[in-house]
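Here are two short exercises to work through with the model open beside you. Try each task before reading its solution.

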2 protein chains.
Amino acid sequence: MASNRVTSHDVARLAGVSRATVSLVLNRSESVTLSKETRERVMQAAAELGYKPNSAGRMLVSGLTETIGLIVSDPSILLVDQYIPQVLYGIEKANRQMGFHVLVEGLEAGGRTRAYDNLVESRRIDGLIVVNPRAGDRALISLIEKDFPVVLVGSVRHPAEVSVTFTTRNVIGQAVDHVVGLGHHRIGAITFSPRDFVSTNARLTALSSGLARHGLALDEDAVGDGNFSPESGYRAAKALLTRRPDLTAIFAGNDTIAIGVLNAAHELGRSVPADLSIVGFDDLPFARWLTPPLTTIRTDGVSQGKLAAEMLFARLHRRPLENKRVRMEPELVVRDSTQTAPTG
Amino acid sequence: MASNRVTSHDVARLAGVSRATVSLVLNRSESVTLSKETRERVMQAAAELGYKPNSAGRMLVSGLTETIGLIVSDPSILLVDQYIPQVLYGIEKANRQMGFHVLVEGLEAGGRTRAYDNLVESRRIDGLIVVNPRAGDRALISLIEKDFPVVLVGSVRHPAEVSVTFTTRNVIGQAVDHVVGLGHHRIGAITFSPRDFVSTNARLTALSSGLARHGLALDEDAVGDGNFSPESGYRAAKALLTRRPDLTAIFAGNDTIAIGVLNAAHELGRSVPADLSIVGFDDLPFARWLTPPLTTIRTDGVSQGKLAAEMLFARLHRRPLENKRVRMEPELVVRDSTQTAPTG
DNA sequence: ATTCAAAACTAACACGTGTTAGTAAGGGAT
DNA sequence: ATCCCTTACTAACACGTGTTAGTTTTGAAT
């Protein structure tokens, strides 16, 4: 274990050159001219010894870690919702292709904000991606204002933020057109998170203004609050459908919540989609396999993660960003959970 | 960004002591005696400047990184199955509590095995957790044989491995008793992965011997091969139920596959559980919300991850392991997807 | 033979930390 | 006065790397 630690010194000795030469050869430095045969002798020696530069030594002198931090707010969401893993995959893959490493850290709700300092101040990472940032996160905002390379998957609505989000106005408008076109006019919603989440807020606003275009309103008592898990969606939907039995369609905050809504409807003896139409959000892998297959709005978490990573690389290489706030356009996917409104 | 880099030298100057003293105070070294007031003066200076030791410097001299590597085989499974995120959460949380960091790396199937070397040889990590290791992974086995601190979430069936897995014989036996007790005797299975996965192999073997206890056999043509996604389960189940329409119960390799089986049954006009009983595996969060709620076998991914992390810490601290191969006992959860076998 | 320029390489520093060997001061005992 | 032991601290090394300023060698031109 501690046995095979080969240093550039060993390579130098085997190749019969100085340690400096080894470093120059291996880092392909063009500013200094080296003979072809010396280059080859060094490469050969390095290969023979299986030399891998010690990252700590390298980090110390270069100041670069080739590592990014990935902070996940409320990591327990990982347990119930399948969206974040998609983002994670996109981020990890992009980093792998760039030869970068990913340091994952969970930021428990209400936990210490030292997570940022520990990573940033101790120079463990070159940049940071924050998934699901909370709008009120002071430590994060301070980092953004210091111009540390941060990219958000989500938004804190700060003028200087660099972020990847989804536009919702357009696609939710389309979804509303679709549902209203089926004859529904008493429409409710279940959120997937507290209202102070930027995306939940945006989805509700888009829903409201979409309905307004048809002369309809989103009544406050037609909105129930979910909290990430299927169970929370179930409870909120049961309360909502009891309070407002006249509703014929429900927009779920996301697909995970939609599972709960589906169950609540069944339990109240309302069949989907005959008695109640449901629209999800995200188009997670299971959405098309629900009974009935879910009409939903497809966001592409993998691309979102990949894009966030690429934007971070651009910042790290001091390449200018054409757009500091990229907004992806989701797509309405109509399946069987939405159908003509029941008559009467 | 490069502005606020405070070194121990700065702290020393402000406190009016040498850099060595700063290091001794901050690392609570007991071997050297320091006056109470010097200690306080240094602590105060460090706090005032917001000093955070540079991790690279520390790593270089101590040889320790306070970081573990987390390698996920076939990371694309993250996209379709919700089990790995549970494990990930458990691992990350345990590390956070120990003040450790987690470096996540995906190991694409058939990809270069350099992933291990890059992390291990470059001394970026102190230890490694591998999730879903492939039995034939030479690079991994070589690491285990070198006695590098590795803990597996899964198994490669190597005598020297340290791993956390689940026993299946017992609980699958119970599940078989349950299903056979309901009058089923033509029983099939859909795997969740290729057969050379250790856990898939184990589950099939346990199923076979469970059936044998009741004088039943698991026919080879009663087994279909899934491949992680709901879709693969759907396709395999459709083929299986077409080939063997006499089957009245199916053991799905896991809950994700069970979703596909459920859909295949519906599409073939067989209602669940009246015409076909289904047993899942894992008890993922959505399992109880399927239609019908899924009878399944509860494994606890979070605990599995947590345990793996704790075993790795034990190795890193050279504490002896009471048990190198921990096997957790899953639990049968009976819901509505299993019911009395149809008559005739 | 001498000069000069390019080519090929290396000595030496810097990065920031943890730790060991060693120095200086204080004070009590002989 | 000398010795010695404890207390309080620091000088100096080591970790392994990237890079710059500088040195030696080569080879051709004068």
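A residue counts as buried when its relative accessible area is under 20%. Keep in mind that this is a predicted model.

**Exercise 1.** Find the buried residues of helix α1 (residues 8-15) of chain A, and work out how they are arranged around the helix.

*Solution.*
- Step 1: Going along the helix, the buried residues are A:Ser8, A:Val11, A:Ala12 and A:Ala15.
- Step 2: Now look down the axis of α1(A): its buried residues fall within an arc of 100°, so they line one face of the helix.
- Step 3: Next, ask what these buried residues pack against: the partners are α2 (19-26) and α3 (36-49) of chain A.
- Step 4: Finally, step just past α1(A), where A:Gly16 has a positive phi of about 70°.

**Exercise 2.** Describe the protein surroundings of DNA strand C, then pick out polar contacts to a phosphate oxygen and to a base nitrogen.

*Solution.*
- Step 1: Start with the neighbours: 26 residues surround the strand, and the closest are A:Thr21, A:Thr38, B:Ser8, B:Arg19 and B:Tyr51.
- Step 2: Sort the surface near DNA strand C by class, which gives 12 nonpolar, 11 polar and three charged residues.
- Step 3: Ask which element gives the largest share; α4(B) does, with four residues.
- Step 4: Turn to the DNA side: of the strand's atoms within 4 Å of the protein, 60% belong to sugar or phosphate and the rest to bases.
- Step 5: For the phosphate contacts, a polar side-chain atom of A:Thr38 lies 2.5 Å from a phosphate oxygen, while a polar backbone atom of B:Asn54 is 3.1 Å from a phosphate oxygen.
- Step 6: For the base contact, choose B:Gly57, with a polar backbone atom 3.3 Å from a base nitrogen of DNA strand C.

Notes:
Residues are numbered from 1 along each chain as its sequence is written. Chains are lettered from A and ligands numbered from 1 in the order in which they are written. This is a predicted model: local features need pLDDT of at least 70, side-chain atom pairs count only at pLDDT 80 or more; totals for chains, interfaces and linings use all residues. Side-chain values use heavy atoms; hydrogens and water are left out. Buried means under 20% relative accessible area, exposed over 50%, partly exposed in between (1.4 Å probe, protein chains only). Helices (H or I, at least four residues) and strands (E, at least two) are DSSP runs, numbered from the N terminus. The arc is that of the directions from the helix axis to the C-beta atoms. Contact means heavy atoms within 4.5 Å. A residue is near a molecule or strand if one of its heavy atoms lies within 4 Å of it. A polar contact is a pair of N or O atoms within 3.5 Å; within protein, one must be able to donate a hydrogen and the other to accept it, and residues adjacent in sequence count only if both atoms are side-chain atoms. Ala, Val, Leu, Ile, Met, Phe, Trp, Tyr, Cys and Pro count as nonpolar, Asp, Glu, Lys and Arg as charged, and the others, Gly among them, as polar.
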